[in-house]
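Thank you for sending this model; please read the points below with the structure open beside you. They go from single residues to the overall fold and then to the ligand.

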Amino acid sequence: MKIFIDSANLEEIEESLKRGFPAGITTNPSILAKEKKCDFKEHIRKIIDLLQKYSYDIPLSVEVFSNDPKEMIKQGEEFVKQFGDYANLNVKVPIGWDEMMVIHELKQRGIKINCTCCMSFNQAIMAARAGADFVSLFYGRIKDMGYDAYPVVKKTHDVLKEWNYPSEIIVGSIRHIGDINEAIHAGADIITVPYKFFKPMVAHPKTDEAVNQFLTDFSAWLK
Ligand code: E4P
């Protein structure tokens, strides 16, 4: 199981990279739109600079921002041309009928694909069949519809393993720490997590209590 950062914020990314745990970064157009208005490609370049500064060679997903298949292919190729010096760049393409053509086409050109916005088992399996290296299931958004996201991840995991598919499952759209724990148990290969959850994930009141007690006892003994 690997943890990715679901963010395009440079400070969040740097603080995470300094702590050694990230195994990848996912961005999307909405995540990028949260940042101060800038040249999109320059911003991605800054993320790559950070990855190189801290000697990481981990997947970085950048999403196409069009509905038109031809334009999606063009954008995917442009990303690779622009950021080709970072070999672990993945082009994110949403699942869909025409989009499967985009995935197939880009894969044939040797481009790594993260097929995103999957909300169902069928979509995930079709994404894997089209050749996606990563299949992204949106846990929180599945739950928004009133469905249980756990069996969707579990079934996808079981079938991909049974059929020996190389695609890795990324679970995104995390809304609670509980989603992370559930997705891990359901068989996600990767969970992509918003930065705000990382500090709570390592915090525990009993840890604070223990550490404070050790410090108090020892400083009393030193006197
Ligand atoms: C995954 O790669 C996506 O960026 C992501 O987790 C989107 O989730 P949300 O838009 O439901 O928050």
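1. A residue is called exposed when its relative accessible area is over 50%, buried when that value is under 20%, and partly exposed in between. Ser55 has a relative accessible area of 67%, and therefore it counts as exposed. Please keep in mind throughout that the model is predicted.

2. Ser55 is placed in the loop between helix 3 (40-53) and strand 3. Its phi is near 55 degrees, and this is a positive value in a residue other than glycine. Cys117 also deserves a look, since its phi is near 65 degrees, again a positive value in a residue other than glycine. Cys117, however, is found in strand 5, and it is partly exposed because its relative accessible area is 27%.

3. For the overall fold, I would begin with the barrel, into which eight strands close in the order 1-2-3-4-5-6-7-8, with parallel pairing. One part of this barrel can be followed at strand 3 (residues 60-63) and strand 4 (residues 89-94), which run parallel and are joined by four bridges. Here Val62 stands opposite Val91 in strand 4. Helix 6 (residues 121-130) packs on the sheet, where it touches both strand 5 (112-118) and strand 6 (134-138), and its direction makes about 165 degrees with that of strand 5.

4. Where does strand 1 find its partners? On one hand, strand 1 pairs with strand 8 (residues 190-193) in the parallel sense over four bridges, and in this pairing Phe4 stands opposite Thr192 in strand 8. On the other hand, two bridges join strand 1 to strand 2 (residues 25-26), the two running parallel, and there Asp6 stands opposite Thr26 in strand 2. Strand 1 (residues 2-6) is largely enclosed by the rest of the structure, because four of its five residues are buried.

5. Is Asp179 buried or exposed? This residue lies in helix 9 (residues 177-186), and with a relative accessible area of 2% it is buried. A polar atom of the Asp179 side chain lies 2.8 Å from the backbone nitrogen of Arg175. If residues up to four places away in sequence are not counted, Asp179 touches Tyr139, Lys143, Ser173 and Ile174.

6. The ligand should be examined together with the residues that surround it, among them Asp6, Thr26 and Thr192, which were met above in the pairings of strand 1. Also included in these surroundings are Ser173 and Arg175, and both were named above in connection with Asp179. The other surrounding residues include Ile31, Phe138 and Gly172.

7. Which side chains place an N or O atom at 2.7 Å or 2.8 Å from an oxygen atom of the ligand? For the side chain of Asn28, an N or O atom is 2.8 Å from a ligand oxygen atom. In the case of Lys92, a polar side-chain atom lies 2.7 Å from an oxygen atom of the ligand, and for the side chain of Arg141 an N or O atom is 2.7 Å from a ligand oxygen atom. Taken alone, the ligand exposes 350 Å², and the protein buries 85% of that area.

Definitions and conventions
Residues are numbered from 1 along each chain as its sequence is written. This is a predicted model: local features need pLDDT of at least 70, side-chain atom pairs count only at pLDDT 80 or more; totals for chains, interfaces and linings use all residues. Side-chain values use heavy atoms; hydrogens and water are left out. Two strands pair if DSSP finds at least two bridges between them. Contact means heavy atoms within 4.5 Å. Axes are lines fitted to C-alpha atoms, for helices over the stretch in contact, and angles run from 0 to 180 degrees between N-to-C directions. Buried means under 20% relative accessible area, exposed over 50%, partly exposed in between (1.4 Å probe, protein chains only). A polar contact is a pair of N or O atoms within 3.5 Å; within protein, one must be able to donate a hydrogen and the other to accept it, and residues adjacent in sequence count only if both atoms are side-chain atoms. A residue is near a molecule or strand if one of its heavy atoms lies within 4 Å of it. Accessible areas come from the Shrake-Rupley method with a 1.4 Å probe; for residues, only the protein chains shown count as cover.
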